[in-house]
Amino acid sequence: MIAGIIGSGAMGAGIAQVIATAGNRVYLLDAHSETLEKAGRNIRSGLDRSVLKGTLAQDKADEIFNNINLTQDYATFSECDIVIEAIIEDLQLKQQLFRELNLFVSDSCVLASNTSSLSIASIASVCSNPERVIGIHFFNPATIMQLVEIVPAVQTKPGLEMEVKALVRSWGKLPVIVKDTPGFIVNRVARPFYGEAIRIMEEGIADCSTIDWAMTTLGGFKMGPFALMDFIGHDVNYRVTESVFASFFYDPRYKPSFTQKRLFEAGYFGKKTGRGFYAYHEGAVIPEPIKDENAGRKIMERIVAMLINEAAEAVAMNIASPADLELAMTKGVNYPKGLLAWADEWGIEKVISILDGLYHEYHEDRYRVSVLLRRMVKEKKSFFQPVMA
Ligand SMILES: NC(=O)c1ccc[n+]([C@@H]2O[C@H](COP(=O)([O-])OP(=O)(O)OC[C@H]3O[C@@H](n4cnc5c(N)ncnc54)[C@H](O)[C@@H]3O)[C@@H](O)[C@H]2O)c1
């Protein structure tokens with residue numbers, strides 16, 4: 001199997017390394033020669049570090065590196081079985097690339113995009129044979145994150161997603177299949193983790209560190225929402241929220257917050273700029289949380305109920321199978337358990353009661369309960385446990 005990767009930035013370089021590690025020849029291309037050379041140097045030094053740490057044998061490191069061919073010549077792609085695009089997130093640039101790619105690849109070559117937020121249908125639409133186009137969405141850093149979302153477009157040849165799934169598995173990754181809808185699985189279902197946490201803070205119910213404490217200590221999440229947003233960066237996290245909101249035709253469930261928009265506008269991107277929800281300069285201290293178990297549990301349950309509702313809605317709309325959804329949230333964003341399994345554990349009535357309580361209080365559409373959850377209660381069903389008599 002020979003792969004071509006276009007764009008040698010953070011994602012492209014990582015994807016090239018993943019595929020090369022599985023023993024395949026890779027052509028890594030970038031429009032900018034300095035970026036391409038830098039990617040090559042970074043891959044080499046990363047591999048050398050692993051050798052020094054004793055986690056990789058020298059000959060394996062050499063083999064991986066030798067499998068990667070840096071190029072600026074599209075003609076090399078004539079040999080490729082698959083080409084994955086990982087250039088900047090700009091629809092016009094991606095469309096221009098896909099229009100031209102047809103000239104360089106064989107008729108059987110699969111064309112994939114690593115886009116996080118654009119529709120695969122819109123990218124495929126410019127190709128003369130759009131049935132060979134598919135989304136293959138890796139997570140950052142691609143060498144470490146196991147999950148890969150596979151996104152067939154409306155034009156994609158039926159069955160191609162299963163072939164690509166097997167291929168991605170052969171690269172040592174965990175693939176899930178998802179419909180071509182905004183945010184795919186992870187970036188859609190995770191929205192309330194951030195949005196509802198900010199809402200609770202904006203209303204003055206609790207401060208950032210108390211909400212983070214509730215989500216980590218009582219909810220079992222590895223990081224609280226505010227620490228995580230500061231870590232991801234508000235430039236990235238705010239933009240994803242805004243893009244998902246617009247792509248869902250302004251459904252209030254995905255409404256961004258002014259608090260985060262202002263941090264973004266101020267350049268307070270989080271950890272990387274030294275300031276976000278928290279301060280990160282020398283000697284900065286994270287405020288002590290108020291560790292009131294009852295109040296904390298209410299906060300945690302409100303956010304988790306919103307997450308479960310989002311997951312249930314994705315199942316109701318056939319965005320992904322329940323099994324793939326659970327895999328995506330546990331492997332893609334390291335949730336302590338699958339959201340549907342969480343619903344089973346609590347009982348679906350409890351989830352509905354929390355959300356209906358919020359709906360009655362606020363009269364806002366963001367708290368509407370997924371029809372699937374109501375139907376399941378009526379039919380005495382659960383997601384994975386045996387049906388109750
Ligand atoms: N960074 C993430 O966390 C992440 C995660 C998943 C998916 N993605 C998606 O992956 C893609 C790449 O993201 P990134 O973070 O690696 O970006 P990046 O800016 O680090 O890298 C993009 C690279 O593409 C090159 N490039 C731009 N236009 C080109 C062209 N026409 N031909 C060839 N090379 C070109 C640039 O020189 C640059 O090296 C985007 O679609 C992004 O949405 C990013």
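In which element is alanine 328 found? In this predicted model, alanine 328 is found in helix 14, and this residue offers a convenient point of entry to the region where the two domains meet. Alanine 328 is buried, because 29 other C-beta atoms lie within 10 Å and a count of 20 or more is the criterion for burial. When residues up to four places away in sequence are left out, alanine 328 touches Leu147, Glu149, Val176, Ile185, Val186 and Ala320. The C-alpha atom of alanine 328 is separated by 9.7 Å from that of isoleucine 177, although the two positions lie 151 residues apart along the chain as a sequence separation.

Helix 14 as a whole spans residues 322-332, and its buried residues are Asp324, Leu325, Glu326, Ala328, Met329 and Gly332. The elements that cover these buried residues include strand 7 (147-152), strand 8 (174-177), helix 7 (186-189), helix 13 and helix 15 (339-346). After helix 14 comes asparagine 334, which has a positive phi, near 55°.

The division of the chain places these elements in context. Domain 1 covers residues 2-180 and domain 2 covers residues 184-389. Taken over C-alpha atoms, the centres of the two domains are separated by 30 Å. To the contact between them, domain 1 contributes 13 residues and domain 2 contributes 14 residues. On the side of domain 1 that touches domain 2, strand 7 and strand 8 are the elements that give two or more residues. That side of domain 1 is made up of 7 nonpolar, 4 polar and 2 charged residues.

The largest nonpolar core has 112 residues, and Val83 and Ile185 are those with the most contacts inside it. Helix 13 (residues 293-316) supplies the largest share of this core, 11 residues. The core lies between domain 1 and domain 2, because both domains give residues to it. Isoleucine 185 is in contact with Glu149, Val176, Val178, Ala314, Ile319, Ala320, Leu325 and Ala328, its neighbours within four places in sequence being left aside.

A second buried alanine was examined in helix 9. Alanine 214 has its place in this helix, which comprises residues 208-218. With 30 other C-beta atoms within 10 Å, alanine 214 is buried, since the criterion is met at 20 or more. Apart from residues up to four places away in sequence, alanine 214 touches Gly219, Gly296, Ile299 and Met300. Alanine 214 and asparagine 69 stand 145 residues apart in sequence, and their C-alpha atoms are 48 Å apart in space.

At the start of domain 1, strand 1 (residues 2-6) is largely enclosed by the rest of the structure, because 4 of its 5 residues are buried. Strand 1 runs parallel to strand 2 (residues 25-29), and 5 bridges join the two. Within this pairing, isoleucine 5 has leucine 28 of strand 2 as its bridge partner.

The surroundings of the ligand were considered next. Of the 23 residues around the ligand, Gly7, Gly9, Met11, Ala31 and Asn140 come nearest. Helix 1 (10-21) and helix 4 (91-101) are the elements that give two or more residues to this shell. Helix 1 gives the most, with 3 residues. By residue class, the shell consists of 11 nonpolar, 10 polar and 2 charged residues.

Two charged residues show an intermediate degree of exposure. Lysine 271 lies in the loop between helix 12 (258-266) and helix 13. Lysine 271 counts as partly exposed because it has 15 C-beta neighbours inside 10 Å, a number that falls between the limits of 12 or fewer for exposed and 20 or more for buried. Residues up to four places away in sequence not being counted, lysine 271 touches Asp230, Phe231, Gly276 and Tyr280. The C-alpha atoms of lysine 271 and aspartate 230 are separated by 5.5 Å, with the two residues 41 apart along the chain.

Glutamate 37 is found in helix 2 (residues 33-53). Glutamate 37 is likewise partly exposed, with 13 other C-beta atoms within 10 Å. From glutamate 37 to lysine 331 the distance in space is 32 Å, C-alpha to C-alpha, and the two are 294 residues apart in sequence.

Key: Residues numbered from 1 in each chain as written. Predicted model: local features only at pLDDT ≥ 70, side-chain atom pairs only at ≥ 80, totals over all residues. Near = placed C-beta within 6 Å. Nonpolar A, V, L, I, M, F, W, Y, C, P; charged D, E, K, R; others polar. Core = buried A, V, L, I, M, F, W, Y, C linked by C-beta atoms within 7 Å. Domains from an automatic or database assignment. Contact = placed C-beta atoms within 7 Å. Pairing = 2+ DSSP bridges.
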